[in-house]
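Student: I'd like a close look at the backbone here, starting with one of the loops that does something unusual. Take me through it, and then follow the chain wherever it leads.

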Amino acid sequence: MSIPVYPEQFDIVVVGAGHAGCEAAMACARMGMQTLLLTINIDRIGHLSCNPAIGGLAKGHMVKEIDALGGMMGKWADQAGIQFRVLNTRKGPAVRSTRAQIDRNAYLLTVQKDIFTCPNLFVRQETVRTVVVHNKKVQGIETSLGEIISAQAVILTTGTFLCGLLHVGLSHFAGGRFGDPASAGLSPCLRELGLELGRLKTGTVPRLLKTSVDFAGLETQPGDTPPRPFSFDSPGIRLPQLPCHVTYTTERTHDIIRAGLDRSPMFTGVIKGTGARYCPSIEDKIARFPEKERHQIFIEPEGLDSHEVYPNGIPTSLPLDVQKALVASIPGLEHAQIIRPGYAIEYDFVPPTQLAPTLETKAVRGLYMAGQINGTSGYEEAAGQGLWAAINASQALRGAEPMILSRAQAYIGVLVEDLVTKGTLEPYRMFTSRAEHRLLLREDNADERLTPLGRELGLADDSRWTRFCRKKAQIKEICTGLEQIRLRPDSTRSAQVADLGGTLLHKSISLKELLRQPELKIDRLHLFWPRLADFDADSLEEAEIQTKYEGYLLRQHELVGRFERQERTALPLDMPYADIPGLSREAIEKLSAIQPRTLGQASRISGITPAALSCLEIQLKKMGLL
């Protein structure tokens, strides 16, 4: 085995080794870039800073999309998952999402194994002091030890570490997360480079000693059997599966919290950063929803051999004595021991309207940002951005076209466009409701949407491509067979269909028409077409969805066609908005600041009216561009 030679200079330096950084570093290296991953603490590469879970509503969609492009998060989760559940199974396929409980230690070891053995990828423990820039172009970075490392591009994935400040009650101290130092040098550097910074806040729950929890009286919540993996190329789930447990806050809990609000950093004005609207602290829930008698808490395992459990539902920054009292007031947790306190953390972020759709900063060429530095929350949002920034940085160095996924192609496309077009004043979280075309953006068809692109980029390997082509061929064969095979309405067939819960009308119908009946499932039709038993389960599922929702899918595609016409209408980067007749001052300011790439993107900027769009269209016609 040849020993890798440490380069004198790198193509790309990735700063930070959380979910965004690990995904970015792996993608850059696998696309042939000499890549350096810098982190404050090598031992924490791949660490799950908050809850021990990956996926969930809309987030599971993004994990599937990352995997379909050839990214890593889905594979890592499959290797470390200890419970898998598909959420919203009683609803339509568009909103069904996979969520997995993760063994923290197994995930960390899995990630680190791939990071340290990936060709072209080098790892250093170091703190970055500044980004080195000349003529508004990245030249590399300078470390806290004064070392200059040359690079053509830099991807910042700093998470909550930029001037991080931790709060427990009225006590506060610097840190990127509990047990790790903050990064103090980069924020002043970014301001000097012309970037505006803001301040956000997030929080986490107290961790409890597992043996001190009384599980006997708690509701048990098992995972799915068999568990369904995230990755389209998964060999299967390898770890034993564990249940979660459910409990609730009580009125006593709420009284304890209300009595402690005078020492809450949130309610006394100590915390200045804006918190996450959709993941509030327990004290925020009690204050905002006083009419609610109880709030649900999931007791989540941290791992097969872990001594801790994670009480998901009570993130808090209240003083430790109040945390102890509120935990003890919850059924099953009366004697629970807190072994790590809950806390809030404030950190700097870069309002993302300062980024191009590639996640490259507009102020500095070659400087990209991904993850919480862009104002998002969540592992999955971070990993998606890390992959996006890595692909575009690598494509730029290759002299190739950037990768810009539209809102009709991927949830990750919705995420990035929302960030760079609308910006955010609070931690951004993905929901299925943010996607206009969510029936087209399902978990089951993420590979159909994105794997050909992953193959083109060099991220989808031969194994992935072979599996994808097999699935595509099977779906085509199934759909063809469903159309061609017909049933005649004799008494035997009618009785067989009735036994399956369907109705055979007094005329010959195809299996496709039969399958459209809501009560029937494709895996029960092998009675009429034995060949169905030979196809893979995921191919059958996709063919069934395409059949049952064909009319809805056609209408969605028609809407996308109209949507794409605006998306194809490009706007020049040097568009003279101040000189366009009819535009309001607000429209000029916002269009000049965001510099939308297309008429479609301009239409989604807050404050851009239909009248303003008409002015833009008139200007494009004058310029001969429309």
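**From an odd loop residue onwards**

Tutor: N88 sits in the loop between β4 (81-87) and β5 (97-102). Keep in mind as we go that this is a predicted model. What catches the eye is the backbone: N88 isn't a glycine, yet its phi is positive, at about 65 degrees. As a rule, most residues other than glycine have a negative phi, and most peptide bonds are trans. As for the surroundings, N88 comes out at 26% relative accessibility, so it counts as partly exposed.

There's a second case of this kind. C163, also not a glycine, has a positive phi of about 50 degrees. You'll find C163 in the loop between β9 (148-156) and β10. With a relative accessibility of 28%, C163 is partly exposed too.

One more backbone oddity is worth a stop. The peptide bond between T225 and P226 is cis, with omega at about -5 degrees. P226 belongs to the loop between β14 (219-221) and β15 (244-248).

Now back to β10, because C163's loop leads up to that strand. β10 (residues 165-168) runs antiparallel to β19, and 3 bridges join the two. In one of those pairings, L165 has E346 of β19 as its bridge partner. β19 is also joined to β12 (residues 198-204), again antiparallel, by 7 bridges. Here L200 has Y347 in β19 as its bridge partner.

So how enclosed is β19 (residues 343-349)? Largely, because 7 of its 7 residues are buried. Both faces are covered: Y343, I345, Y347 and F349 are buried on one side, and A344, E346 and D348 on the other. The pairing residues E346 and Y347 therefore sit on opposite faces of a strand that is largely enclosed by the rest of the structure.

To finish, jump further along the chain to a helix pair. α12 (residues 462-484) and α15 (residues 537-548) pack at about 50 degrees, with their axes 9 Å apart. That angle lies between 35 and 65 degrees, so the two helices are oblique to each other. The crossing of α12 past α15 is right-handed. On the α12 side the contact uses K471, Q474, I475, I478, C479 and L482, and these meet D538, S539, L540, E542, A543, Q546 and T547 of α15. Sorted by type, the contact residues are 6 nonpolar, 4 polar and 3 charged.

Methods. Residues are numbered from 1 along each chain as its sequence is written. This is a predicted model: local features need pLDDT of at least 70, side-chain atom pairs count only at pLDDT 80 or more; totals for chains, interfaces and linings use all residues. Side-chain values use heavy atoms; hydrogens and water are left out. Axes are lines fitted to C-alpha atoms, for helices over the stretch in contact, and angles run from 0 to 180 degrees between N-to-C directions. Helices (H or I, at least four residues) and strands (E, at least two) are DSSP runs, numbered from the N terminus. Angles under 35 degrees count as roughly parallel, over 145 as roughly antiparallel, 65 to 115 as roughly perpendicular and the rest as oblique. A crossing is left-handed if the near helix is turned anticlockwise from the far one by less than a right angle, and right-handed if clockwise. Contact means heavy atoms within 4.5 Å. Ala, Val, Leu, Ile, Met, Phe, Trp, Tyr, Cys and Pro count as nonpolar, Asp, Glu, Lys and Arg as charged, and the others, Gly among them, as polar. Buried means under 20% relative accessible area, exposed over 50%, partly exposed in between (1.4 Å probe, protein chains only). Two strands pair if DSSP finds at least two bridges between them.
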